[in-house]
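Subject: Structure handover

Hello,

Here is the structure I promised to pass on. Please open it first, then read my notes below.

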Amino acid sequence: MNQFECIKMNFPKLTVVFLAFDVFFAVFCVALACLIGVALCCCLPCIIAVLYAVGQEGASEADLKVLPKYRFHIYKDEEKLSVGAGRMVPIETSSGYLANERILLPEDAECCICLSLYEDETELHALPCNHHFHSTCIVKWLKMNATCPLCKYNILKGNEQV
């Protein structure tokens with residue numbers, strides 16, 4: 001029996017083997033594509049959330065001490081301004097930084113974190129972006145995330161926004 005007769009006898013068997021391999025490979029590729037698709041749909045949002053959380057860094061105590069502090073004083077009736085208006089009087093901090101006095105209109109005299117109006121003699125912090133908040137509210141926020149809650153100004157990186 002020569003070489004060609006051997007191939008002729010085994011041709012149907014080889015054809016079946018190669019077709020079975022092709023079918024197995026096609027099923028494997030489709031299953032792998034489906035698995036990757038499901039993984040992207042289900043796990044990608046989780047992966048993005050974890051990467052975002054890891055990328056966030058809070059402010060240290062030293063970073064918080066640099067922020068200017070103010071005491072809020074409500075205008076009295078004799079000053080003839082709108083109810084709720086007031087002024088932010090700077091308090092000297094341990095860093096020695098003393099800011100300028102600021103006047104707040106009634107619509108600006110509230111903390112955007114806790115959504116409550118500033119009361120007389122309340123201690124406030126102002127960020128470099130000029131947004132102001134209750135001291136307790138913004139300190140808690142900045143320890144978790146060193147960005148302004150309103151404009152996303154990063155107090156650690158300067159004008160770089162997240």
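His134 lies in strand 5. The model is a predicted one, so please read every value here as computed from it. Is His134 buried or exposed? Its relative accessibility is 11%, under the 20% limit, so His134 counts as buried. Beyond four places in sequence, His134 touches Cys111, Cys114, Ser116, Leu117, Tyr118, Thr122, Glu123 and Leu124. One further pair is worth finding on screen. His134 and Ile113 are 21 residues apart along the chain. Their C-alpha atoms are separated by 8.2 Å.

His132 is also placed in strand 5. Its relative accessible area is 11%, and His132 is therefore buried. Which side chain makes a polar contact with the side chain of His132? Tyr118 does, at 2.9 Å. Leaving out residues up to four places away, His132 touches Met88, Arg102, Leu104, Asp108, Tyr118, His125 and Ala126. Tyr118 thus appears in the contact list of His132 and in that of His134.

Next, the strand 4 side. Thr122 is found in strand 4, which covers residues 122-126. Thr122 has a relative accessible area of 15%, so it is buried. What does the side chain of Thr122 reach? It reaches the backbone oxygen of Glu119, at 2.6 Å. Setting aside neighbours within four places in sequence, Thr122 is in contact with Tyr70, Arg71, Phe72 and His134.

Phe72 leads to strand 1, where it lies. Its relative accessibility is 0%, so Phe72 counts as buried. Phe72 and Asp120 are 48 residues apart along the chain. Even so, 5.8 Å separates their C-alpha atoms.

Now the core. In soluble globular proteins, nonpolar side chains tend to be buried together. The largest nonpolar core here has 23 residues. Which of them touch the most other members? They are Phe72, Tyr118, Leu127, Leu142 and Ile155. At least two core residues come from each of strand 1 (69-74), strand 4 and helix 3 (135-144). Helix 3 gives the largest share, with 3 residues. Ile155 deserves a look of its own. Apart from neighbours within four places in sequence, Ile155 is in contact with Ala59, Leu127, Pro128, Leu142 and Ala146. Leu127 and Leu142, both in that list, are also among the core residues named above.

The pocket comes next. The largest one has a volume of about 250 Å³. How many residues line the largest pocket? There are 14. Those nearest its centre are Val66, Leu67, Pro68, Leu127 and Pro128. By type, the lining divides into 11 nonpolar residues, 1 polar and 2 charged. Leu127 and Pro128 are lining residues of this pocket, and both are in contact with Ile155.

Two loop residues stand out for their backbone angles. Leu115 is not a glycine, yet its phi is positive, at about 65°. Where is Leu115? Its place is in the loop between strand 3 (102-104) and strand 4. Leu115 counts as exposed because its relative accessibility is 61%, over the 50% limit. Asn130 is the other case. Its phi is near 75°, again a positive value in a residue other than glycine. Asn130 lies in the loop between strand 4 and strand 5 (132-134). At 52% relative accessibility, Asn130 counts as exposed.

Last, the overall picture. The protein has 3 helices and 5 strands. Along the sequence, they follow the pattern α-α-β-β-β-β-β-α. Of its 162 residues, 24% count as buried. Among contacts with a separation of 6 or more, 43% are between residues 24 or more positions apart.

If you want a quick route through the model, begin with His134 in strand 5. Move on to Thr122, one of the residues His134 touches. From there go to Phe72, which is in contact with Thr122 and belongs to the largest nonpolar core. Then turn to Leu127, a member of that core and a residue of the pocket lining.

Best wishes

Key: Residues are numbered from 1 along each chain as its sequence is written. This is a predicted model: local features need pLDDT of at least 70, side-chain atom pairs count only at pLDDT 80 or more; totals for chains, interfaces and linings use all residues. Side-chain values use heavy atoms; hydrogens and water are left out. Helices (H or I, at least four residues) and strands (E, at least two) are DSSP runs, numbered from the N terminus. Buried means under 20% relative accessible area, exposed over 50%, partly exposed in between (1.4 Å probe, protein chains only). A polar contact is a pair of N or O atoms within 3.5 Å; within protein, one must be able to donate a hydrogen and the other to accept it, and residues adjacent in sequence count only if both atoms are side-chain atoms. Contact means heavy atoms within 4.5 Å. On a 1 Å grid over the protein atoms alone, a cavity is a set of points where a 1.4 Å probe fits but cannot get out, and a pocket is an open set with protein on both sides within 12 Å along at least five of seven lines; lining residues have an atom within 4 Å of a point. Grid points are joined across faces, edges and corners, and a volume is the space filled by probe spheres set on the points. Ala, Val, Leu, Ile, Met, Phe, Trp, Tyr, Cys and Pro count as nonpolar, Asp, Glu, Lys and Arg as charged, and the others, Gly among them, as polar. A nonpolar core is a set of buried Ala, Val, Leu, Ile, Met, Phe, Trp, Tyr and Cys residues joined through side-chain atoms within 4.5 Å.
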